[in-house]
Amino acid sequence: IASRLDLQRARVTSHYAKRADREYAELFGDNPPRPPRVLLMTSRFTTVLQYAAADTAAAFEAMGYQTHTLIEPAEHLCLTNVTLTRAIDRYKPDLIFNIDHLRGEYGDTIPPTVPYICWVQDHLPTLTAKCAGRGVNRHEFVLNMLATLYETQWGYPSRQLIAVPKLTRVPQRPARWALDGPDLLYVSNASGEPAALLADAIASVGAGTLARRVVEDAGRRICEAYAAGQSLPTMGDVGALVDEALAASRVAHMDAALRARLVNLLYHPLNDALYRQQALGWVADAAEAMGLTLAVFGNGWDQHARFARFARGPVQYGQPLEELTRGANICLQIVPSFALHQRLLDGLAAGGFFLVRANPADVIFPAIARLLVAHAPHAQTISEARAAVPDAQRPALDLLIEQAEPLADLGSRVDIVAWTRRAIESGVLDPAMSQALPSLAEVSFDDPATVRERLTRFMADRDARDTIAATQRAFVEDRLTYEHGMRRAMRCIAARIAQEARAAA
């Protein structure tokens with residue numbers, strides 16, 4: 001077996017040593033000499049990423065690529081570097097695609113010259129570290145909407161970062177469908193009780209340390225805020241309570257990377273669950289008062305003291321979830337972040353109508369985009385934007401930047417202008433619009449009164465629901481499908497490889 005593996009490794013090394021950048025640039029261009037081959041890696045132990053990999057493979061196939069997906073053959077087996085070497089030797093991919101995993105995690109199994117894509121869906125510890133950024137070479141491309149942060153805080157090469165947001169696929173939908181599901185539908189796994197979530201966060205930090213004291217204090221402050229009817233809609237709001245806890249500990253300074261880790265630990269899942277459950281409570285109260293049915297799907301809700309009576313168990317991703325979504329009168333989107341989250345994109349594409357909990361990001365980022373396009377069309381950073389805008393517009397820009405600062409609290413300052421530019425390029429933001437999604441203000445809510453008002457209006461008017469959903473669906477399908485996203489990414493990769501090939505020639 002060892003000699004066979006050595007032979008496979010030797011063949012792989014020899015094959016990719018002969019490949020030139022010019023060949024990759026041609027393969028990834030608009031008129032490739034043959035169908036490019038892409039090897040996708042995923043796992044059967046993560047449902048969401050498994051489906052994302054399948055949808056990405058379908059997008060590549062629609063672009064004319066040949067695809068092969070590497071996944072564990074059974075639940076009791078795992079993918080090893082031996083399996084990966086065998087797959088590369090047999091398939092000889094022109095591109096390797098993975099979600100949330102960099103090339104370096106596989107040692108020297110993947111040749112350094114084969115183009116490799118890591119699509120960041122989750123800011124995992126293996127990705128948010130300086131050693132991770134230093135390991136990215138010029139044939140590795142990282143798809144990520146926080147490019148500036150990954151560059152400045154963790155040392156990722158800017159050339160290797162490409163803006164790609166959350167994406168969705170367009171499923172087959174009937175021309176018309178019956179509303180035979182619940183009046184109100186919510187799908188989420190954020191069912192943890194606050195005390196249990198806080199206990200888990202505390203347990204993940206070393207006993208007797210400053211970090212543990214800060215997590216205990218800040219976590220208590222978060223729970224008390226929600227108990228008092230307040231909410232923390234941004235990561236910066238959580239960061240402010242971490243800073244309060246740090247000040248109360250009488251320690252003047254905490255390492256920025258450690259502070260960022262604690263903010264992220266408390267932001268998700270603790271604050272995320274509390275934020276979602278707070279709004280779900282408003283909906284549940286309104287549903288009971290109005291005689292509406294509410295169904296909550298996902299893991300763990302049957303154990304939740306407040307929502308167990310609405311629990312309907314898990315729902316399978318794909319067609320079962322799509323049919324459930326479009327069969328409900330009203331679906332709910334509740335996240336402490338920008339609205340264009342995976343669930344909303346998938347739900348709109350499936351044919352659902354959504355009420356959305358309002359978040360500051362949904363109006364701040366579009367406002368920055370409009371200001372940049374109107375007054376600083378070439379500015380890529382905050383400093384460039386401030387230098388470019390007319391004096392009369394600078395106070396408005398400064399106010400928007402100040403309002404945007406709390407939206408991301410990940411250790412280093414996120415350049416909001418740079419993020420907005422990438423959001424425009426990726427299709428997430430339309431500078432002509434004042435909100436993240438057409439008619440978003442009409443379907444947004446942020447307190448019990450607006451919940452009641454939106455439910456009263458839209459439960460009585462299916463035509464309005466259908467019109468709004470169709471407009472929002474068109475926006476998503478025109479910009480944020482897997483095929484659109486992968487085409488943009490490969491176009492960018494081809495251009496960067498071709499530029500280096502020309503320079504070398």
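Biologist: Which residues of helix 4 (residues 81–91) are called buried?

Modeller: The buried ones are Leu84, Thr85, Ala87, Ile88, Asp89 and Tyr91. They earn the word because each has under 20% relative accessible area, found with a 1.4 Å probe on protein chains only. Helix 4 is a helix because it is a DSSP run of H or I with at least four residues; a strand is an E run of at least two, and both are numbered from the N terminus. Just after helix 4 comes lysine 92, with a positive phi near 50°.

Biologist: How do you know which residues to include?

Modeller: This is a predicted model, where local features need pLDDT of at least 70 and side-chain atom pairs count only at pLDDT 80 or more, while totals for chains, interfaces and linings use all residues. Residues are numbered from 1 along each chain as its sequence is written, and side-chain values use heavy atoms, without hydrogens or water.

Biologist: What makes strand 5 (residues 140–143) covered on both faces?

Modeller: Glu140 and Val142 are buried on one side. Phe141 and Leu143 are buried on the other. Both faces are therefore covered, by the cut-off for buried residues.

Biologist: How do you know that strand 4 (residues 116–119) and strand 5 are joined, and which way do they run?

Modeller: Strands count as paired if DSSP finds at least two bridges between them. Strands 4 and 5 have four, and run parallel. Tryptophan 119 has leucine 143 as its bridge partner in strand 5. Strand 5 also joins strand 6 (residues 161–162) through two bridges, again parallel. There, leucine 143 stands opposite isoleucine 162.

Biologist: Why do strand 8 (294–297) and strand 11 (444–445) stand at the edges?

Modeller: Five strands form an open sheet in the order 8-7-9-10-11, with parallel pairing. Strands 8 and 11 each have a single partner strand, so one side of each has no neighbour in the sheet. Within the sheet, strand 9 (residues 330–333) pairs with strand 10 (residues 354–357) over three bridges. Glutamine 333 has valine 356 as its bridge partner in strand 10.

Biologist: What makes up the largest nonpolar core, and which residues have the most contacts inside it?

Modeller: A core joins buried Ala, Val, Leu, Ile, Met, Phe, Trp, Tyr and Cys residues through side-chain atoms within 4.5 Å. The largest one has 171 residues. Phe28, Phe97, Tyr156 and Met486 have the most contacts inside it. Helix 10 (residues 256–290) gives the most to this core, with 16 residues. Methionine 486 touches Phe97, Trp119 and Leu143, among others, leaving out residues up to four places away in sequence. Touching means heavy atoms within 4.5 Å.

Biologist: How many cavities of 30 Å³ or more does the structure hold?

Modeller: Two. A cavity is a set of points on a 1 Å grid where a 1.4 Å probe fits but cannot get out, and lining residues have an atom within 4 Å of a point. The largest has a volume of about 120 Å³. Among its 14 lining residues, Tyr317, Gly318, Glu322, Asp346 and Ala350 are closest to its centre. Helix 12 gives the most to that lining, with five residues.

Biologist: Where does the second largest cavity get its lining?

Modeller: Helix 11 and helix 19 (462–479) each give two or more residues. Helix 19 gives the most, with four. The cavity holds about 90 Å³ of space. Of its 13 lining residues, Leu179, Ala328, Gly351, Phe353 and Asp466 lie nearest the centre.

Terms used
On a 1 Å grid over the protein atoms alone, a cavity is a set of points where a 1.4 Å probe fits but cannot get out, and a pocket is an open set with protein on both sides within 12 Å along at least five of seven lines; lining residues have an atom within 4 Å of a point. Grid points are joined across faces, edges and corners, and a volume is the space filled by probe spheres set on the points. Buried means under 20% relative accessible area, exposed over 50%, partly exposed in between (1.4 Å probe, protein chains only).
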